[in-house]
Amino acid sequence: MKDHYLTKRSFFPKFVTWATIVFFYIPLLVVAVNSFNRSKGGGVWKGFTFQWYRQLFSDSRIWEALRNTLVIASIATVAATVLGTLCAFALHRYRNRLQKTHYMLVYLPLIVPDILRGISMLLLFVLLFAWVNPLLRQTLGIRMNLGITTIIIAHITFCLSYVAMVVLGRLQDFDFSLYEAALDLGANKFQAFLKVVVPAIMPGILAGALLSFTLSLDDYVITFFVAGKGSLTLPIYIYGSMKHGNPAVINALSVILLIVTFLTVYVVQKLLEDKK
Amino acid sequence: MAEILRIENISKSFGSQKVLDQVSLSISAGEIFSILGPSGCGKSTLLRICGGFEEPDEGRIILDGEDITRMPPHKRGIHTVFQNYALFPNMTVWENIAFPLRIAKAEKSHIRREVERYLELIQMSEHAGKKPRELSGGQKQRVAIARALVNRPKVLLLDEPLAALDLKLRQRMLVELDSIHEDVGITFVYVTHDQQEAMSISNHIAVLHQGIVEQEGTPTEVYEAPKNSFVAAFIGDTNFFEGTIRDVHGDYCILKIDGFPSLEVFNDKKMPEGERAHLSIRPEKFSVSLEKPENLPARTNLFQGRVEDVIYLGAQTRLWIRVGERLVSVVKQHASFALERKIRYRDDVWLTWHADNAYMLEDYRPSDESLVMHPDIGK
């Protein structure tokens, strides 16, 4: 009786599926189409052109911004992945009275609004510089400023929480008797962690790293607060161009970014499949 | 035989609950020693203390003359076969078995030779390249055993190794375990709640109950001469009788039991007249017949009863027979099938039982009655 109800063909799932696809991907399609549109402002189709791509590749500001962004994202991802993984391991493994508090401390940055974190980071750095810069000037003759370093630090702090949460989820499925078995068979704690725990939670670590990379890549709000001279990043440049520059070039840039992102996800997916 | 592992006055509490209370055991090199007890008796905790995963509150663990109580697990010459096998899922069978040797930085040629040898021993050579998730329960079990043995530990701990397998496989693995043990000659400490497993595989058994060693001895000693009501009831099945000692004559005496015929019993504990005594009689020690048996040997007790329940078990039949105010549990082996008339419900039967075939308990706790099989007979 129930089978009949379950196997009955329904229009509704099909509708939802197509609506979702349209809703998700039409905006991306519009950007892609417009990147080949001769019209500068978009809107109407005025003929096919590679003009914006040519302009994109000859704009040195964009390349500087891209380089900065990649440097920041790479360093922040590596640091956040290592720290976040260790953090997840500690959260999972060591139990004490403050465990809930520790968990909250790691989890909280995920729900605090970006703008609040940006402001607080800026205040922290300014306070720190006011305190250490006189000392540095006297001893080494240098001073610290807002710039790429502060952006990297800020990015690590929020990426770390994402990595920790993703890896923690993976760890909760991990059978810890495997860790004990490794110890039992002669491995020390470090070897057991590296040879048994890490391979098992690798998909989580990779997912965390990927998440960190994309989050860092397109972060605008926090970066805006802690950026300084010579630390132009792509999102900040794009935002500026949309308002005062040439939006069509940005369309071209977006398409390239889109392709890079899809390729990265595809490669990671392939890697994970091989693992299994 | 030389002692390899000594467990000395080990006590352990979790919070206010005492899990192990002054447990002392001595395990000889090369034997299979079983720690047998119901779930929650502390046997797994004891094993984890031996393996180095828990620290005892009191007491010491001595391995081959060396105090290892506070030594971390990876430095002890003790390996464990875990109940869930704990095979590394990212490694093949071959790599799993090679793991302890690689960690110990053994030579490559040595690793290859030893892994092949153990693969052969567990008859898994053709599965060397498989990942654990492609294996059946029994195969996983064998790999776990080979992995724990390959680096030749001084002692191998097995934590309920067969609990996750079905009955037929369990029996086969038990035979295999025994032959592996003969091949490698390593001391096995075998933890189980299954008394048949323990009886069939061990040289010695320690019966653990509520954190206390109730009795230690060979399987025969523990079965035939249980020290107390727990051991008698937990290992196999039994009938308990309580009575007063009367008429002591030589090694024998008469036990006067309320609501039951008096029994002549072997008085090995040299109990004086008037003392209260508890007796354990195993169901298979009775013999039962429809006709009154003639020419009984001396000191054979004979009494009449009526069958109240019959459970046919194939190789044997379990009978519940009312004698006086008691229901007696009797197991009758089927020697011949066609010739004898079967005993049925409501038959009047004769029970005989020889004075030597019982054991007086040193200690009796009424709560252990709940471990004895009782018939489900509505009044």
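These are my notebook entries on a predicted model with chains A and B.

**Entry 1: chain B as a whole**

I began with the overall make-up of chain B. I counted eight helices and 20 strands there. I then looked up the extent of chain B. Its C-alpha atoms fill a box of roughly 75 × 50 × 40 Å along the principal axes. Next came burial. Of the 379 residues in chain B, 38% are buried. I also checked how far apart in sequence the contacting residues lie. Among contacts in chain B with a separation of 6 or more, 67% join residues 24 or more positions apart.

**Entry 2: the two domains of chain B**

I looked up the division of chain B. Domain 1 covers 3-229 and domain 2 covers 230-371. Taken over C-alpha atoms, the centres of these two domains are 38 Å apart. How many residues of each domain are in contact with the other? I found 14 residues on the side of domain 1 of chain B and 17 on the side of domain 2 of chain B.

I then asked which elements supply the domain 1 side. Those that give two or more residues are β9 (204-209), β10 (212-217) and α7 (219-224) of chain B. The largest share comes from α7(B), with three residues. I sorted this side of domain 1 by class as well. It has six nonpolar, five polar and three charged residues.

**Entry 3: strand β8 of chain B**

Is strand β8 of chain B enclosed or open? I checked residues 187-192, which form this strand. Six of the six are buried, so β8(B) is largely enclosed by the rest of the structure. I looked at each face in turn. On one side, B:T187, B:V189 and B:V191 are buried. On the other side, B:F188, B:Y190 and B:T192 are buried too. Both faces are therefore covered, and a residue counts as buried when 20 or more other C-beta atoms lie within 10 Å of its own.

Next I looked up the strands paired with β8(B). Strand β3 (residues 32-36) of chain B runs parallel to β8(B), and five bridges join them. In that pairing, B:I35 has B:V191 as its bridge partner. Strand β7 (residues 155-159) of chain B also runs parallel to β8(B), again with five bridges. Here B:L156 is bridged to B:F188.

I followed the chain from β7(B) to β8(B). Helix α5 (residues 167-184) of chain B joins these two strands in a right-handed β-α-β unit.

**Entry 4: where chains A and B meet**

I turned to the contact between the chains. Chain B gives 18 residues and chain A gives 14. On the chain B side, β6 (78-81) and α2 (93-103) are the elements that give two or more residues. The largest share, three residues, comes from α2(B). By class, the chain B side has 10 nonpolar, seven polar and one charged residues.

**Entry 5: A:D184**

I ended with one residue of chain A. A:D184 is found in helix α8 (residues 177-184) of chain A. Is A:D184 buried or exposed? I counted 27 other C-beta atoms within 10 Å, so A:D184 is buried. Which residues of chain B does A:D184 touch? I listed B:G51, B:P73, B:H79 and B:T80. I also looked up a distance inside chain A. A:D184 and A:A65 are 119 residues apart along the chain, and their C-alpha atoms are separated by 51 Å.

How values were computed
Residues numbered from 1 in each chain as written. Chains lettered and ligands numbered in written order. Predicted model: local features only at pLDDT ≥ 70, side-chain atom pairs only at ≥ 80, totals over all residues. Helix = DSSP H or I, 4+ residues; strand = E, 2+ residues; numbered from the N terminus. Buried ≥ 20, exposed ≤ 12 C-beta atoms within 10 Å, placed from the backbone. Contact = placed C-beta atoms within 7 Å. Domains from an automatic or database assignment. Nonpolar A, V, L, I, M, F, W, Y, C, P; charged D, E, K, R; others polar. Pairing = 2+ DSSP bridges. Right-handed = clockwise from strand over helix to strand, strands pointing away. Lists of a residue's contacts leave out its neighbours within four places in sequence.
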